[in-house]
Amino acid sequence: MKDREDPSAGQAIAFHSKDFLKWCDEVLEGVLRRSPVGSGLDYITKDFFNWATRNSLYFLHFGIMCCALEMAVASAPRFDQQRFGIIPRSSPRQCDVLLVNGPVSKKLKPVLRRLYDQMPEPKWVIAMGECAISGGPFYNSYSVVPGVDQFIPVDIYIPGCPARPEALIDGFLKLQVMIKENRKGLLTGK
Ligand code: SF4
């Protein structure tokens, strides 16, 4: 009865997951990242993880206007971008790539930035179509951001108004090459 009345009684034995994760991070930091163990594991696994990453690019489809139709068609049987491991997802926490197309308004800008921040590392951004690259036909509008690279780092630019599905797939293939050339170990980042 006394334990029930004491609000701190349960906390003494409660398992605090964030403390556990912090402890794990510190141990990993010390044992793996700063020692030869981490470098050795990275040497063994780097190529495999890089191969797996670049061949399973899950992208967050952020389509606003006409280019979004081209983006959708790229998943249809005629173009079948899934054969390259390019798969759309709806949650930023499951995605490697943020695919932006259409004109981003100034009101929408913080929302898009938040989605980007919610994606786990490593992550990449593709700007598809003139609107995402520079504002397109709306570049001079009071309400449109003249390019998503004003507030998010963009890795691949795909020009066109609209950008065709073939161009979108080509952009993803260029991103795969970029990931292959810049491969780094997961533990040491080297
Ligand atoms: S780039 Fe052209 S086709 Fe694409 S969303 Fe803008 S206006 Fe539409």
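This passage goes through the predicted model's confidence, its strands, its nonpolar core and the shell around the ligand.

Residue numbers start from 1 along each chain as its sequence is written. As the model is predicted, local features need pLDDT of at least 70 and side-chain atom pairs count only at pLDDT 80 or more, while totals for chains, interfaces and linings use all residues. The protein chain has a mean pLDDT (the predictor's confidence in each residue, from 0 to 100) of 85, with 89% of its residues at 70 or more. Among its elements (DSSP runs numbered from the N terminus: helices are H or I, at least four residues, and strands E, at least two), strand β4 (residues 124-128) has the highest mean, 95, and helix α1 (residues 2-5) the lowest, 52. Where pLDDT is low, predicted coordinates should not be read in detail.

Strands β1 (residues 57-63) and β2 (residues 86-89) run parallel, joined by 4 bridges; pairing takes at least two DSSP bridges. Y58 sits opposite I87 in β2.

The largest nonpolar core (buried Ala, Val, Leu, Ile, Met, Phe, Trp, Tyr and Cys joined through C-beta atoms within 7 Å; buried means 20 or more other C-beta atoms within 10 Å of a residue's own, all placed from the backbone) holds 35 residues. V97, L98, L99, V100, I126, A127 and M128 touch the most other members. β4 gives the most to this core, 5 residues.

As for the ligand, 13 residues surround it, each with its backbone-placed C-beta within 6 Å. C66, C67, G129, C131 and P162 come nearest. Helix α7 supplies the largest share of this shell, 3 residues.

Technical notes:
Buried ≥ 20, exposed ≤ 12 C-beta atoms within 10 Å, placed from the backbone.
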